[in-house]
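User: I am new to this structure and would like a close look at a single part of it. Please take one strand, follow it to its neighbours, and then set it within the chain as a whole.

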Amino acid sequence: MTEAAVMPKTVDGLLAAACAASGLEDYGDRHFLTGLGHFIDALPGNAHLNALGEQMVYGGVINQLVNRLRYVRDVKRHPQILDQKIVQPIIVLGLPRTGTSKLQRVLSADPQVQRMDYWRVTNPAPFPDEEPGNPKGRIEAALAVEQMLTAQFPGWMARHPTEALEPDEELHLMHGSFECMISWLFARTPGYYDYISRCDQRPMYRHLHAQMQYLQWQDGGARGRPWIMKSPVHINALDVLLETFPDAVLVHCHRDLQKVLPSFASLIEEARKIGSDQVDPRVVGNEMFDYWATALDRYLIVRDTLPTDRILDVQFEEVVGDIVGVIRRIFGRAGRVLTPQALAAFKACEASRPEHHWGTYTYSAASYGYTPQRIDERFAEYRRRFVACSPP
């Protein structure tokens with residue numbers, strides 16, 4: 001068994017490694033360096049990375065930088081990339097564990113949409129010598145991640161299946177801005193979290209939009225196919241999301257916070273265990289509680305400025321119990337026709353991934369410091385307005 005390569009751990013070292021790996025030097029707009037610097041500075045003493053964690057975190061940064069270098073090169077060669085129009089994407093909002101992943105994946109089964117497949121969002125730039133229309137290398141790279149997680153981290157896969165050929169969050173595209181929460185979720189970095197909590201989120205959304213243009217151009221243009229998007233982080237930037245995608249069809253999934261918060265804390269505990277042997281569930285619980293409380297406060301403020309029918313609200317129980325009915329409502333908002341082909345694809349997709357397809361898991365709210373009273377008191381306004389509470 002060969003030893004893992006030693007990763008550079010400074011910004012300059014990571015930049016140089018990406019240039020060496022790609023044979024390129026032009027990073028374009030260097031705004032991203034501020035966020036990258038905060039992230040790298042926050043890792044020592046906080047993330048407690050093990051050997052795999054160092055490979056994943058620092059290697060992941062290099063991969064993001066390589067993708068940036070290739071993107072900048074391709075835009076220079078093909079400036080028409082920036083002429084791509086992102087028209088009326090369907091964006092699934094909602095806190096984690098509210099049915100958003102299921103809704104995105106079933107919606108993405110429609111052959112007349114654009115998908116955020118994991119292999120695409122983790123490597124938006126084509127690999128060297130890749131033949132147009134045959135992204136074999138990128139798919140193989142994503143399959144290797146899927147296989148590693150399946151073999152070594154079944155707890156993660158049971159909670160959030162990461163499949164190379166299935167849709168995932170555009171969070172992975174936003175990651176390349178180095179101002180996205182995904183880095184903090186997987187590697188505890190309080191200083192970086194402080195930075196992303198106060199920085200302007202527009203550059204991150206501009207980066208997302210540009211990467212979607214890039215992927216759309218690779219796939220022959222929109223051709224009447226809307227993107228199917230999903231990420232809980234949009235709750236924290238609803239105004240910027242709408243500035244970036246003003247004609248988006250927004251769908252918000254809601255669920256009882258008593259079920260959402262402990263489940264999400266469990267997910268992030270598993271995420272951090274992939275790269276660290278020192279993960280404190282109480283710390284995870286407090287950080288996730290504070291993040292979502294602040295995010296929902298912001299969301300409610302922005303939501304009150306919007307027309308009452310701007311966002312389609314659905315309950316978790318509807319997604320689980322009648323997802324085709326939910327999709328009919330979404331298609332109505334989007335002015336799309338539900339074709340027999342799409343309907344058959346939705347039903348086949350849902351049948352292919354029954355509940356607990358990737359295994360079961362358990363968790364305890366108390367292990368994260370959560371009590372019913374604490375959750376109810378902090379999220380009372382959101383719960384009152386949007387959550388259809390199940391009977392006891």
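Analyst: What follows starts with strand 3, moves to the strands beside it, and ends with the wider chain.

Please keep in mind that this is a predicted model, and that every value below is computed from it. Strand 3 covers residues 249-254, and because 6 of its 6 residues are buried, the strand is largely enclosed by the rest of the structure. In a regular strand the side chains alternate between the two faces of the sheet. In strand 3 both of these faces are covered, since Val249, Val251 and Cys253 lie on one side, Leu250, His252 and His254 lie on the other, and all of them are buried. The cut-off behind that word is a relative accessible area under 20%.

Strand 3 has a partner in strand 1 (residues 90-94), and the two pair in the parallel sense over 5 bridges. In this pairing, Gly94 stands opposite Cys253 of strand 3. Strand 3 is also joined by 5 bridges to strand 4 (residues 311-315), and these two strands run parallel as well. Here Leu250 stands opposite Ile311 of strand 4, while His254 has Gln315 as its bridge partner.

Strand 4 is itself mostly covered, with 4 of its 5 residues buried. Gln315, which has its place in this strand, shows a relative accessible area of 15%, and it therefore counts as buried. Leaving aside residues up to four places away in sequence, Gln315 touches His254, and it also touches Phe386, Val387 and Ala388.

Leu250 leads from the strands to the nonpolar interior, for it is one of the residues with the most contacts inside the largest nonpolar core, which has 94 residues. Others in that group include Leu65, Met212, Phe245 and Met288. The largest share of this core, 11 residues, comes from helix 14 (residues 281-303). Apart from residues up to four places away in sequence, Met288 touches Trp184, Leu185, Phe264, Ala265, Ile268, Arg272 and Tyr370. There is also a second, separate core of 26 residues, and among its members are Leu103, Phe331, Ala342 and Cys349.

Met212, another of the residues with the most contacts in the largest core, is among the buried residues of helix 11. Helix 11 (residues 202-218) has 17 residues and reaches 24 Å from its first C-alpha to its last, close to the 24 Å expected at 1.5 Å a residue. Because 12 of those 17 residues are buried, helix 11 is largely enclosed by the rest of the structure. Its buried residues are covered by elements that include helix 3 (51-77), helix 6 (136-152), strand 2 (228-230) and helix 12 (238-244). Just after helix 11, Gly220 takes a positive phi of about 85 degrees.

Turning to the whole, the chain has 19 helices and 4 strands. Its radius of gyration is 20 Å, close to the 21 Å that the globule rule gives for 392 residues, so the chain is as compact as a globular protein of that length. Along its principal axes, the C-alpha trace spans about 60 × 50 × 40 Å. Buried residues make up 55% of the chain, and of the contacts between residues at least 6 apart in sequence, 80% join residues at least 24 apart. The chain exposes about 17100 Å², and carbon and sulfur atoms supply 53% of that area.

Notes: Residues numbered from 1 in each chain as written. Predicted model: local features only at pLDDT ≥ 70, side-chain atom pairs only at ≥ 80, totals over all residues. Heavy atoms only, no water. Core = buried A, V, L, I, M, F, W, Y, C linked by side-chain atoms within 4.5 Å. Buried < 20%, exposed > 50% of the residue type's maximum accessible area, 1.4 Å probe, protein only. Contact = heavy atoms within 4.5 Å. Pairing = 2+ DSSP bridges. Rg over C-alpha atoms; globule rule 2.2 N^0.38 Å. Areas by Shrake-Rupley, 256 points an atom, 1.4 Å probe, with all protein chains shown as cover. Expected span 1.5 Å × (residues − 1).
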